[in-house]
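The exercises below go from the surface of a chain to its interior, each with a worked solution. Please look at the sequence and the model before reading on.

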Amino acid sequence: MTTSTTMVDVAFEVRCGCLPHDYGYALFRALADELDWLEEDPGAGVHPLHGTASTEGSLCLGKRARLTLRLPATRVEQALALAGSHLDLGSGLDIGPGRLRELVPFATVYSHFVCTGSADELEFLAHAAALLKAAGLPDMMIAGKAHTAHTPGGEVHGFSLLLHGLTPSQSLAVQESGLGEGRKIGCGIFIPHKSVVAVGAA
């Protein structure tokens with residue numbers, strides 16, 4: 001099943017030892033120094049990085065770690081210019097070749113950190129439901145672990161969030177638009193949940 005979307009992911013190989021555990025804002029600023037349009041483009045977002053927490057509280061990245069940007073399709077060629085860059089972040093982050101990944105409609109999608117402006121889980125769920133309904137999306141969801149990030153504007157609070165029961169068009173819509181605040185620092189970006197089959201697949 002092929003579905004046209006206006007947003008895509010661009011995933012880069014990276015080489016890095018460790019990053020600060022709360023790296024979100026620093027990573028965004030470092031990327032914005034390389035991509036002068038990143039901060040102003042409302043659709044552009046930075047996926048969370050995945051690694052292993054060290055006993056010192058750092059995030060250690062393995063060889064399979066990827067730096068992934070969710071971007072308007074029109075930004076792909078500009079974004080690929082990141083390859084070969086070095087970011088002065090943590091122990092130093094070297095960016096390798098990038099690869100385009102199209103969004104895929106799954107019935108269940110997951111975001112590691114969604115921020116709606118509330119640190120209270122019940123208020124968070126109410127805010128998330130209102131945002132989903134305003135976008136014409138179902139509010140079938142499950143909140144998970146609480147998260148906090150620090151920015152110059154203060155602390156950002158939120159929870160991981162699983163959305164389920166989505167149609168193909170609804171799945172792509174929430175992946176393209178995201179949910180809540182903080183898209184530049186890794187919040188509100190949804191990816192297919194690994195335990196389910198893509199919507200519409202045989």
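**Exercise 1.** State the accessible surface of the chain and the share that belongs to carbon and sulfur atoms.

*Solution.* The accessible surface, computed by the Shrake-Rupley method with a 1.4 Å probe, comes to about 10200 Å², and 54% of it belongs to carbon and sulfur atoms. The model is predicted, so local features need pLDDT of at least 70 and side-chain atom pairs count only at pLDDT 80 or more, whereas totals for chains, interfaces and linings use all residues. Residues are numbered from 1 along each chain as its sequence is written, and side-chain values use heavy atoms, with hydrogens and water left out.

**Exercise 2.** Determine what percentage of the residues of the chain count as buried.

*Solution.* Taking buried as under 20% relative accessible area (1.4 Å probe, protein chains only), one finds that 46% of the 202 residues qualify.

**Exercise 3.** Which residues touch the most other members of the largest nonpolar core, and which elements supply at least two residues each?

*Solution.* A nonpolar core is a set of buried Ala, Val, Leu, Ile, Met, Phe, Trp, Tyr and Cys residues joined through side-chain atoms within 4.5 Å. In the largest, of 37 residues, Leu-27, Leu-31 and Leu-67 touch the most other members. At least two residues each come from strand S1 (7–16), helix H1 (24–34), strand S6 (66–72), helix H2 (76–80) and strand S8 (93–102), these elements being DSSP runs numbered from the N terminus (helices H or I, at least four residues; strands E, at least two). Apart from this core lies another, of 16 residues, including Met-141 and Phe-159.

Notes. Buried means under 20% relative accessible area, exposed over 50%, partly exposed in between (1.4 Å probe, protein chains only).
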